Amino acid sequence: MSIEKVKSYFKQFNMEDKIIEFPVSSATVTEAAKALNCQEAHIAKTMSFKLNEDAVLVVMAGDMRIDNHKFKEKFHKKATMLKADEVEPMTGFPIGGVCPFAPKDGVKVYLDESLKRFDKVYPACGSRNSAIELSIPELEKYSKAVEWINIGKTKQYVNTKEK
């Protein structure tokens, strides 16, 4: 099970007891924020993309989305998310539990600058009902991120309510 792999990974840092497992789903940003009683922006969502034949993970604030133009400038490829049936085989984690800790060998992790505005963030830990509270330096250390990048943009919400 993926969460067991993440717990084992954190054990080397004596951090495995900091992993929170919820009795409810935390698979989406909204669900995770509700389970943690925090703002959605503080959820460090991990998005999985296909880059050539490899998977790359981008961790960004929960209130952000990928800016396709910035992604292409950075990676020289169009942003293509992994298909549902590719996520677990390529990253080692199920959809809703993808995290930057102990992914499959060869999977590179990038951290988006959108996270730097917070003292603490909450990434998943390998299952659809887990998270861990980390400072930004801890996230950087434990994710073994390749680098900080700036490929996010604020979500645009459309008010669909009639007046």
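In this predicted model, Lys 144 follows directly after helix 5 and takes a positive phi of about 50°. Helix 5 itself has two sides. Ile 136, Leu 139, Tyr 142 and Ser 143 are its buried residues. Viewed down the helix axis, these residues fall within an arc of 135°, so they line one face of the helix. Pro 137 and Lys 141 are exposed on the other side. The buried residues pack against helix 1, strand 5, strand 6, strand 8 (134-135) and strand 9.

Helix 5 (136-143) also contributes to the largest nonpolar core, giving two or more residues. In soluble globular proteins, nonpolar side chains tend to be buried together. The core here holds 47 residues. Phe 10, Ile 66, Phe 101 and Leu 115 touch the most other members. Helix 1 (2-11) and helix 3 (68-75) each give two or more residues. So do strand 2 (43-51), strand 3 (54-61), strand 4 (64-66), strand 5 (108-112) and strand 9 (147-149). Strand 3 gives the most, with seven residues.

Leu 115 shows how distant parts of the sequence are brought into contact. Neighbours within four places in sequence aside, Leu 115 contacts Ala 44, Val 59, Met 60, Ala 61, Val 121, Ile 136, Leu 139 and Trp 148. Two of these partners, Ile 136 and Leu 139, are among the buried residues of helix 5. Another core, of eight residues, lies apart from the largest one. Ala 32, Ala 33, Leu 36 and Ala 131 are among its members.

The largest pocket encloses about 350 Å³ of space. Its lining comprises 23 residues. Ala 27, Lys 45, Thr 46, Gly 96 and Val 98 lie nearest the centre. Helix 2 (29-36), strand 2, strand 6 (120-123) and strand 7 (130-132) each supply two or more lining residues. Strand 2 gives the most, with six. The lining divides into 15 nonpolar residues, seven polar and one charged. Strand 2 thus appears in both settings: it gives two or more residues to the largest core and six to the pocket lining.

Helix 3 contains Lys 72. Residues up to four places away in sequence aside, Lys 72 touches Lys 77 and Lys 78. Lys 72 and Ile 151 are 79 residues apart in sequence. In space, their C-alpha atoms are 9.0 Å apart.

How values were computed. Residues are numbered from 1 along each chain as its sequence is written. This is a predicted model: local features need pLDDT of at least 70, side-chain atom pairs count only at pLDDT 80 or more; totals for chains, interfaces and linings use all residues. Side-chain values use heavy atoms; hydrogens and water are left out. A nonpolar core is a set of buried Ala, Val, Leu, Ile, Met, Phe, Trp, Tyr and Cys residues joined through side-chain atoms within 4.5 Å. Buried means under 20% relative accessible area, exposed over 50%, partly exposed in between (1.4 Å probe, protein chains only). Helices (H or I, at least four residues) and strands (E, at least two) are DSSP runs, numbered from the N terminus. Contact means heavy atoms within 4.5 Å. On a 1 Å grid over the protein atoms alone, a cavity is a set of points where a 1.4 Å probe fits but cannot get out, and a pocket is an open set with protein on both sides within 12 Å along at least five of seven lines; lining residues have an atom within 4 Å of a point. Grid points are joined across faces, edges and corners, and a volume is the space filled by probe spheres set on the points. Ala, Val, Leu, Ile, Met, Phe, Trp, Tyr, Cys and Pro count as nonpolar, Asp, Glu, Lys and Arg as charged, and the others, Gly among them, as polar. The arc is that of the directions from the helix axis to the C-beta atoms.
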